[in-house]
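Colleague: Hey, I'm new to this one. Can you walk me through it?
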Amino acid sequence: MEKCRCTFWLPGKNRFCSISPLNDSPFCGNHKPRGDGQFIPCPIDPSHSVLKENLDWHVKRCPLLKQQMSLSTQPFYQKGINAGKEEDDDITSEMKRKAVYSMTVAEFCKLIGKIESVHASICKDIPESYKIPEACSMWIKREVDRKLPFQEKHVKQQASILGNLEDFGVLKGSLGKEQCDDNRLYGDNAPAVVEFGAGRAYLTQMLADCYGIERVFLVERKSYKLKADRSLRQKESLILERLRIDIEDLNLNAVESLQGFPYLAIGKHLCGPATDLTLRCCLPEQCSGNDSLRALAIAMCCHHLCQWKHYINKNFIADLGITKEEFHAITWFTSWAVDADHSSDLSFDCELHQQSLGKEQLSEDANGIEDVVRNMKPIERAVLGFMCKQIIDMGRMKWVKGHGLETKLIKYVPSNISPENHLLIAKTR
C-alpha cells in the first residue's frame with residue numbers, strides 16, 4: 001500500500017511533497033494553507049511563528065524548549081553573565097537611522113567633525129599585517145580533505161589570523177607538512193583552543209591541520225550542517241567539545257572539562273556585540289586576574305550591530321566626549337564602510353568636513369540630512385564608516401590592554417579580500 005503523502009505539488013521537483021499529511025488535512029504542516037487566524041512570533045524561538053490560538057499548545061512542544069531546558073541545567077550556563085551592567089533595550093538599525101535623520105544638518109556636520117578629530121588623535125597606528133605562514137601552505141595549495149569546502153578569500157583570512165599569531169609569538173611555525181600533527185602550540189605546554197562564534201569551525205580546522213592542537217571547545221548558539229567537526233573528530237589525539245550556548249550566557253570558568261587548562265581564544269568575524277561579550281567572557285570583571293587565558297585573536301565585523309549596553313569600554317568613549325546617542329550614530333555609520341569599491345585599499349585623505357558637504361545644504365528643512373547623505377560620494381561614506389569602525393575597535397584594544405595583556409590591533413587582510421579586516425590579538429606578558 002502506497003504511503004499517504006502531502007498533496008502539495010512541487011513544480012521545481014516535478015512531484016508531490018513526500019512528507020506525511022496532517023490528520024485533518026491533505027497537506028503537511030509546511031504546506032497547509034493558512035487561514036485567517038493571527039500568526040505571532042514564537043516566544044521561545046522568534047525565528048518562526050504560530051497561530052495565536054495554538055500558542056499555549058506550541059510553547060510546550062517547541063523544539064528549542066528542550067534545548068533551553070537542557071542548557072539551563074549546565075554548570076557553565078549563567079544568564080547574562082557577559083552582557084554588561086546596562087539594562088537598556090537593544091537599539092535596532094532602523095532606530096539608529098531614524099535618530100541620525102532626526103538631527104539638524106548642523107548637528108550632523110558637528111558629529112562628523114568630532115569623528116574626524118577623534119580618529120586623527122587615536123587611530124594613527126593601525127598597521128597592515130597580511131601574513132600567510134608557511135605552516136598553512138597545505139591549505140593554500142588545497143592539499144586538504146577534498147570534502148572540506150574551499151573558498152579562497154576565507155582561507156586567506158584564516159591563514160592570516162594564524163600567521164599573525166605566529167608572528168606575535170603565540171604559535172610556533174611548522175617545518176613541513178609531514179610534521180603537521182606535532183604539538184607546536186606554545187611548544188610543549190599546549191593550551192586548549194576555544195573558538196567563539198565558531199559556526200562551522202573551519203578556523204579551528206586550519207589550526208588543527210597546520211599547528212597541532214589537543215583540546216578544542218567550539219562555542220556557537222546555532223546548529224550548523226556541513227561543519228568541520230567530522231574531520232576534527234578523525235584526529236585521534238584531539239578532544240572536541242561543542243558548547244551550544246549564547247556567549248552572553250557562558251561562564252567559561254565553569255566548563256568542567258576546561259578547568260586546569262590554559263587556553264587560546266579565537267574568533268573569526270564575531271558580529272557586533274559578540275566581540276564585547278567574548279572579551280568579557282575571557283576577562284571577567286569579577287576576577288582580578290585570569291591565569292587560564294594565554295592569548296586571543298578576534299577578527300571583528302558588523303559594527304553596525306554594536307550596542308551601548310554591551311560595549312566593553314564605555315569609559316573610553318565617554319572620555320572622548322562621545323555620548324551614548326552619538327555612539328549609536330557612529331555604529332550606524334559603520335555600515336557605510338562597504339559602500340565603496342574595495343578593489344584597492346581606501347585612503348583616509350578624503351575630506352569629510354562641512355565644506356565637502358556643500359554650504360547650500362546647511363538648511364533646517366526636514367529632508368536636510370537625507371539630502372546631505374544622498375550627495376555624499378560612496379568613497380566619502382566608506383571612509384567615514386572605516387573611521388567609526390576603528391574608533392570602536394581601538395576602545396576594545398585599550399580595554400584588553402588595561403587588563404595587563406600585550407595587545408595589537410591590525411588590518412590582517414587587504415580590504416579587497418574583506419573590508420571587515422580588523423584583528424585584535426593579545427597575549428599574557
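Modeller: Sure. The largest cavity holds about 40 Å³ of space. Keep in mind that this is a predicted model.

Colleague: Which residues are closest to the centre of that largest cavity?

Modeller: I81, N251, L252, C281 and P284 are the closest to the centre, out of 10 residues that line the cavity.

Colleague: And how does the lining divide into nonpolar, polar and charged?

Modeller: The lining of the largest cavity has 5 nonpolar residues, 4 polar ones and 1 charged one.

Colleague: How many cavities of 30 Å³ or more does a search of the whole structure find?

Modeller: Just 1 cavity of 30 Å³ or more turns up when the whole structure is searched.

Colleague: OK, switching to the backbone. What's the phi of A201?

Modeller: A201 has a positive phi of about 70°, although A201 is not a glycine.

Colleague: Where is A201?

Modeller: A201 sits in the loop between strand 5 (192-196) and helix 7 (202-211).

Colleague: Is A201 buried or exposed there?

Modeller: A201 counts as buried, because its relative accessibility is 1% and the cut-off for buried is under 20%.

Colleague: And what about the phi of C302?

Modeller: C302 also isn't a glycine, and its phi is positive, at about 50°. You'll find C302 in the loop between strand 9 (293-301) and helix 10 (314-319).

Colleague: So is C302 buried or exposed?

Modeller: C302 is buried too: its relative accessible area is 17%, and buried means under 20%.

Definitions and conventions. Residues are numbered from 1 along each chain as its sequence is written. This is a predicted model: local features need pLDDT of at least 70, side-chain atom pairs count only at pLDDT 80 or more; totals for chains, interfaces and linings use all residues. Side-chain values use heavy atoms; hydrogens and water are left out. On a 1 Å grid over the protein atoms alone, a cavity is a set of points where a 1.4 Å probe fits but cannot get out, and a pocket is an open set with protein on both sides within 12 Å along at least five of seven lines; lining residues have an atom within 4 Å of a point. Grid points are joined across faces, edges and corners, and a volume is the space filled by probe spheres set on the points. Ala, Val, Leu, Ile, Met, Phe, Trp, Tyr, Cys and Pro count as nonpolar, Asp, Glu, Lys and Arg as charged, and the others, Gly among them, as polar. Helices (H or I, at least four residues) and strands (E, at least two) are DSSP runs, numbered from the N terminus. Buried means under 20% relative accessible area, exposed over 50%, partly exposed in between (1.4 Å probe, protein chains only).
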